[in-house]
Amino acid sequence: MTAYPQMTPQERKEEYARLTKEYEDLKSRGLKLNMARGKPGKAQLDLVSDIFALMQKPEDYVSDGVDVRNYGELSGLPAAKRLFAEILGCKPEQVFVGGNASLQLMYDTVSKAYTHGLLHSQRPWCKEPVVKWLCPAPGYDRHFKVTESFGFELITVPMTDEGPDMDVVEKYIADPAVKGMWNVPKYSNPDGIIYSAETIRRIASMKPAAPDFLLMWDNAYCIHEFEGEYVPFPDILSECAKYGNADMVFEFASTSKVTLPGAGISCFACSEANMAYMEKLLTVQVISFDKVNQQRHVLYLKDKAHTLELMKKHAAIMGPKFRCVVDALDREIAPLDIASWRRPKGGYFVSLNAMPGTAKRTLALCKEAGVTMTGAGATFPYGKDPADSNIRIAPSLPPVEELEQAIAVLCVCLKMAALEKLGV
């Protein structure tokens, strides 16, 4: 198959006519397919719904002598803290266990910095003339929206194959108005990049001008391989402490894609000094999060080894979906020289870079044909992709047979948008 840029104008015109006919046929099928967000599919939810068969006897509600049905244990059940600490590689006393959403804990951490300041803040961030925030991109849209909602100035940092471009990061942190940075360090959203050891070292050893610089370390996919064996990952808390930055980092994780997104547990992990400071603020806000659910998860997941065995079962469901997407792109798009994409081995997304100037048009065509995807630009601060190129594909929710239809639509739309850009 001839690459589109090498086709003659007449060949492109004929190809576009053929695709238009194929597209109209796809539209006539009345498809209603959704690849907009990284939601586990029904098979994954069914896999873990036996979690609700636990805790049938009164004694099941007692953990380390604590009756989980009652008040108390602000920072979470000791057993739940031990479970998260084992998975993340930190200490139980560094873990605070929350409700089902790590995003809520992230928002709350930024909110407390804004209203009260952090441990080393000279004043609450709401009293700063300007707050700037580093956003590696493409990245997670919900992260960007959190800091945007507080009026922070979002600064795009390019992503490389090893993580954020640290030359750029090190330049920006010389400005004391730069107060923090988002990170998804393992199977980044959406690129699926694992930060390299050197990138982690440079992050952990940073010396920001702001004494209260907040490294937000969202380890959402720390055990989420769908191809190959589990990839060990360094504990960012001890790495930062090694360089005198123990109080710089807050790490986040959850069971959203381990058990049930709507009924899981989450945590943040930080230095003991940060924990003491945060608990003083949190004790005014909440008596405790849902300890019954924390106990349910401790009984169900047991420990890291048992949890990793469960993740292999998730991988058996997820792997074929990702192969379906990447195989279709390899077959239909690779020969045409109109897009590139990464081949992740974990996480929840495939990041595709279409021909510059075609992402919005591609997704508009997809929507018209009944396929909903993450909006163009969502993976960049303020929802503005300067190249109008990045498309985030979320293969997890549809069953494979629906996914095959959805990716067929995407491929046709990618081709049409590229040909339009080249001129037909």
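**Exercise 1. How many cavities of 30 Å³ or more are there?**

Before we start, two notes on the input. This is a predicted model, in which local features need pLDDT of at least 70 and side-chain atom pairs count only at pLDDT 80 or more, while totals for chains, interfaces and linings use all residues. Residues are numbered from 1 along each chain as its sequence is written, and side-chain values use heavy atoms, with hydrogens and water left out.

Solution. Step one is the rule: on a 1 Å grid over the protein atoms alone, a cavity is a set of points where a 1.4 Å probe fits but cannot get out, whereas a pocket is an open set with protein on both sides within 12 Å along at least five of seven lines; lining residues have an atom within 4 Å of a point. Grid points are joined across faces, edges and corners, and a volume is the space filled by probe spheres set on the points. Step two is the count, which comes to three cavities of 30 Å³ or more. Step three looks inside the largest cavity, which holds about 90 Å³ of space. It is lined by 13 residues, and Pro-136, Gly-139, Asn-183, Val-184 and Asn-189 are the closest to its centre. Helix H5 (141-149) and strand E8 (178-183) are the elements that give two or more residues to this lining; helices (H or I, at least four residues) and strands (E, at least two) are DSSP runs, numbered from the N terminus.

**Exercise 2. Describe the lining of the largest pocket and of the second largest pocket.**

Solution. Start with the largest pocket, with a volume of about 560 Å³. Among its 23 lining residues, Gly-38, Tyr-140, Arg-142, Ser-256 and Lys-257 are the closest to the centre. Helix H4 (residues 102-115) gives the largest share of this lining, three residues. Next, sort by class: Ala, Val, Leu, Ile, Met, Phe, Trp, Tyr, Cys and Pro count as nonpolar, Asp, Glu, Lys and Arg as charged, and the others, Gly among them, as polar. The lining of the largest pocket then has ten nonpolar, seven polar and six charged residues.

Now turn to the second largest pocket, at about 210 Å³. Of its 18 lining residues, His-120, Pro-211, Phe-213, Asp-247 and Met-248 lie nearest the centre. Eleven residues of that lining are nonpolar, four polar and three charged.

**Exercise 3. Find two cis peptide bonds and a residue with a positive phi.**

Solution. Keep the usual case in mind: most residues other than glycine have a negative phi, and most peptide bonds are trans. First, Ala-137 and Pro-138 are joined by a cis bond with omega about 5°, and Pro-138 sits in the loop between strand E5 (132-137) and H5. Second, the bond from Asn-189 to Pro-190 is cis, with omega near 10°; Pro-190 belongs to the loop between E8 and helix H7 (197-204). Third, Glu-73 is not a glycine, yet has a positive phi of about 60°.

**Exercise 4. Why does the pair H12 and H13 count as oblique?**

Solution. The axes of helix H12 (residues 359-368) and helix H13 (residues 400-422) come within 8 Å and cross at roughly 135°. Axes are lines fitted to C-alpha atoms, for helices over the stretch in contact (heavy atoms within 4.5 Å), and angles run from 0 to 180 degrees between N-to-C directions. Angles under 35 degrees count as roughly parallel, over 145 as roughly antiparallel, 65 to 115 as roughly perpendicular and the rest as oblique. The crossing angle therefore makes H12 oblique to H13.
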